[in-house]
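Biologist: Please take a close look at one strand of chain C and the pairing around it. Then carry on to the rest of the model, part by part.

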Amino acid sequence: MDQIASNIGLLIDYPVVNLKIIIDGVMIGALFALAAYGLALVWGVMNVKNLAQGDFVIGGGYVSWWLVKNVGLHPLLGVPAAFVVMALLGGALHGTPVHQWARSQKKPMIIVSLVTGFVFIVATYLGDSAGSIAGYAGMVLTILLIINGGIYNLVISRVIERDLFTSLLATFGLAIMGAQIMNLLFGSDTQSLDLGYDTLYFADGLIDIPIAKLIGVIMAAALATVVIIFMKRSRMGQAIRATAQDARAARVLGIDTEKVYAFTFSLNAAICGAAGAIIVMVWVIQPFYGITYSVRAFVIVTAAGLGNLPGVIAAGLGIGAAEQYGSHVFGIGYQQAIAVMLLLAVLVFRLMQQKRNRQVLQ
Amino acid sequence: MSVQKTGLYAALLIFIVASPFVFPTFGVQLGTLWLMIIVAMTWDMTGGQMGYNSLGNIFFYGTGMYVAALISIALVYDVGEYTGASGGGRYDFTDAQYFTGFVLGTIGAGIFCALSAFVIGYVTFGLRGPYFAIGTLGVAIAAGELVSNWDWVGGGQGITLPVYPGDLDEGKIFIYFAYAITGVLLFIFLNWLYKTRFGAAINAIRDDEEKAEAMGVHTMRYKLVTWAMSAFFIGVAGGISAFQLISFEPLESAYQTINLGIFMVVCVLLGGKGTLWGPIIGAILFQIFKEVTWNYFLGWQWVALGALIVVTVVYFQDGLMGWLRTTRPEWFGLTVDERDDDAPQTAAAAGEGAK
Amino acid sequence: MSIIDVSNVSKSYGGVKANSDVSISVEKGGITGLIGPNGSGKTTLFNSIVGYHPIDSGSIKYEGQEISQMQVPEIARLGLLRTFQQTRIYGAMNCVENMLISLPHRKMSLLDTLKRNTAEDRERAEHLLEFVGLYEKRNLRSGSLSFGQQKLLEFAMALMNEPTVLLLDEPTAGINPTLINGLIDRLKRANSEFGITLFIIEHNMRVIMNMADTIYCLAHGELLAAGSSEEIQNDQRVIDAYLGAH
């Protein structure tokens, strides 16, 4: 109690500390907002509640980290690289000529996957981690191509039409698998990339802003802007919005909703991947950190509602700030609890709102 | 009850009583199997029979562990001092103290969990569908985080309970029977409950809650009572679990959201939602799968488990019983063709109605 | 004596006024009809009464008690029951199970519900199924029945529930015309034998004219006319509304 009181006192005595907390919160909130935006997209368009959201984020982080460590890529280029790789993993190839070609070439693809699998085993045996990861990636990619190109076709396409709990559980299974595969591939240590940039100081050093974080926030904002413009302007964006409103009507009007779904899901995976690549530059990643990002994404989307993009961004930034405040006042151990309590508070608030309308929240 | 059925139950009972003595090396696994059966059956009460898919039932397990532990400690020592020493101080329990603590602890855990189900359910049952699942998951995660910050109950370090006063194997058998008795009682209870009007009412909530509401069914009352009953048994199982583990901490063993919290759902889906035997069969299949992967695919066991969840949910959601129901409807007394109607069968079908 | 009093109720969706200043009353023990062209706000009024959405202004009283702020289950537990335009039954269960679930739970304590259904309950269920002509189908999965049969089942379930007032939303829509006379007869018998007050939305003029003591006609969300079936039949405004001359 005394501790909490003195923490609050600090905030009042030194108003500039508030500013620091808010800046920190907004920085982390921007990345939460990215993951939440992807979730709002798949939830709104496909009615899939993706609990593997956070694992896509962490997966993107590891893609970038691995490329920087093993191939020598510049960390900033890791962001687009993670975007592309996660899109492929999500199912971006679905319905494209490459996918059709892969399905027609089953035999050679199977041989390639066997060879890469062999490489993986031998390299692992010899302790060559780069080789083993490359072999593993090749094996996984070819297998994914053979059995239909990505997580979308394997799992997600089969849960879209099902009841809501199915997607929740199926993606939970994916999350467990994803976290464990990353744990096996990259180990359970926390990892990060150091950009080697300076830190800016303001207000007599009370506020410190590492340039790397600044770049991360700018990149997140840029990515969000590009996605928003894409959704507004492009044919695919229009098709996605049409499908979100009424999938059957969209089908009748000649939109290939299957393609739209696959694209939406891989776009979500890509956004998450890019967010992860930014996170690995400014904070740390670890195979099991995924769930925390998933929880945040759910809090934000539940608070903001579907199809409310400004709301998602505002809620993302807000929850970032609220968490920073909470952990400042109550201690760092409460950070996760605060996010979850906010979720419950939002649910209770919306419940009361609905009750006034003689409705239930469903 | 027919002769065959009586015989089957008698054989099962003998098997249950004899198994820890016949397979002494599997003492711990058999106890854990019972735990899985209990949590799967309790999850099915809301998830399968009532259509409310909770992801937060693990809250009652974890809370049951803590309540049982705290009661058994508080009967003898000051809790704050005990946990402060975190097993370091000299805190002895006599045999009588151990067993009183065990009995009062587990039952107290059940009662506490049932009461907390009323409180939490009052809020969360306003939520439907995915919001209910997410809301209950939120409760479980929040509880774990808060308990791990609560020093009076040991914080992140957890609690260490006294060990069983007697030799190790005897302790295993004691725990096994504690679980087994709870499980058998739960089975008898559910076998009765699902045939009452109450059982029919919660089935109605599952099939069409809006219709049930419009028919004047006290939906909230049924939902709360069902969840409280389910919470009671999970709480008891959690309490026993606390004495089985002896030493436990909040995030990984008590409020283990992504382990047991999900396993219980998978067990039910594997065996078949909304049936009496489905969760039991599912729990057995799941436990076998888990033991095999843990022993032979070490390192990859979690991946295999995740894959099992995905495959079950996506491709085999009706489970074993659901599959049998569609392929062998006559086994379940379902009438497909109106011509095989006759009076005795009608009565039987109506009596089994609640299944 | 009236059992439901709707006074000056208005309800709008965004800019669309679905009901404006509607006042009707339903006589206890009688059959009251509500007619009107498509989109005249009949179902909206129904939903306001049974509690599916809030009303903007006005009051709705059931036996003198204000119910316009109450939730659906609370209203249903007062004995005010409704059937749905698109029938709602428990499709996975058979007809007898559907009937047994419809036992009046509002009259039971928790302990009563922890008992099994008695032989009398089952007998009553089968009797009512016979009443609506579904006895032969009683052990079939109700989801496999035809739409018309499902409607009859829903009606039987409503009777099983022993309601004080039954609100029926287009009971004859989708029912085979040869069965309609039988249904009219059953509705009348439900009213006279079981003493259930009926409040019926109906499109089929012949049906409602045959049954109702009092008929209210809505058009464009406003109450157009009220009176006995002859009065309504001869009301020029009602005829115009139905022929679209407005």
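Modeller: Start with a single pair: G33(C) has I200(C) of β8(C) as its bridge partner. Bear in mind that this is a predicted model. G33(C) sits on the β3 side of that pairing, where strand β3 (residues 31-35) of chain C runs parallel to β8(C) and is joined to it by four bridges. Another strand also pairs with β8(C). Strand β7 (residues 165-169) of chain C does so in the parallel sense, over five bridges. Here L166(C) has L198(C) as its partner in β8(C).

How many residues of strand β8 (residues 197-201) of chain C are buried? Five of its five are, and the strand is mostly covered. The cover extends to both faces of β8(C). On one side T197(C), F199(C) and I201(C) are buried. On the other, L198(C) and I200(C) are buried. The two bridge partners named above, I200(C) and L198(C), therefore belong to one face, and both are buried.

Chain C has an open sheet as well. Its four strands follow the order β2-β1-β4-β5, with antiparallel pairing. Which strands stand at the edges? They are β2 and β5 (65-66) of chain C. Each has a single partner strand, so one side of each lacks a neighbour in the sheet. The β5(C) edge pairs with strand β4 (residues 57-62) of chain C, antiparallel, over two bridges. In that region K61(C) is opposite E66(C) of β5(C).

The β2 edge holds a backbone detail. D21(C) lies in strand β2 (residues 16-27) of chain C. Its phi is near 55°, positive although the residue is not glycine. D21(C) counts as partly exposed, because 14 C-beta neighbours lie inside 10 Å. H220(C) also has a positive phi, about 50°, and is not a glycine. H220(C) is placed in a loop, between β9 (214-219) and β10 (222-227) of chain C. With 16 other C-beta atoms within 10 Å, H220(C) is partly exposed.

Now chain A, and a helix pair. Helix α10 (residues 211-233) and helix α13 (residues 257-282) of chain A pack at about 170°, and their axes are 9 Å apart. Angles over 145 degrees count as roughly antiparallel. So α10(A) is roughly antiparallel to α13(A). From α10(A) the contact takes A212(A), K213(A), G216(A), M219(A), A220(A), L223(A) and V227(A). From α13(A) it takes I271(A), A274(A), A275(A), I278(A), M281(A) and V282(A). By class, the contact of α10(A) with α13(A) has 11 nonpolar residues, one polar and one charged.

Chain A also meets chain B. There, 34 residues of chain A are in contact with 32 residues of chain B. On the chain B side, α6 (129-148), α12 (260-271) and α14 (301-315) each give two or more residues. The most come from α6(B), with 12 residues. The chain B side divides into 21 nonpolar, nine polar and two charged residues.

Inside chain B there is a further contact, between domains. The assignment gives domain 1 (27-257) and domain 2 (258-335). Their centres, taken over C-alpha atoms, are 21 Å apart. Domain 1 of chain B puts 23 residues into the contact, and domain 2 of chain B puts in 21. On the domain 1 side, α2 (27-47), α3 (58-74) and α7 (168-193) of chain B each supply at least two residues. The largest share is that of α2(B), with 11 residues. The domain 1 side is made up of 13 nonpolar residues, nine polar and one charged.

One residue of helix α3 of chain B deserves a closer look: Y61(B). Is Y61(B) buried or exposed? Y61(B) is buried, because 30 other C-beta atoms lie within 10 Å. Beyond its neighbours within four places in sequence, Y61(B) is in contact with V39(B), I234(B), A237(B), G238(B) and L260(B). Take L260(B) from that list. Y61(B) and L260(B) are 199 residues apart along the chain, yet their C-alpha atoms are separated by 9.1 Å.

Note on methods. Residues numbered from 1 in each chain as written. Chains lettered and ligands numbered in written order. Predicted model: local features only at pLDDT ≥ 70, side-chain atom pairs only at ≥ 80, totals over all residues. Contact = placed C-beta atoms within 7 Å. Nonpolar A, V, L, I, M, F, W, Y, C, P; charged D, E, K, R; others polar. Buried ≥ 20, exposed ≤ 12 C-beta atoms within 10 Å, placed from the backbone. Domains from an automatic or database assignment. Axes fitted to C-alpha atoms, helices over the stretch in contact; angles between N-to-C directions. Parallel < 35°, antiparallel > 145°, perpendicular 65-115°, else oblique. Pairing = 2+ DSSP bridges.
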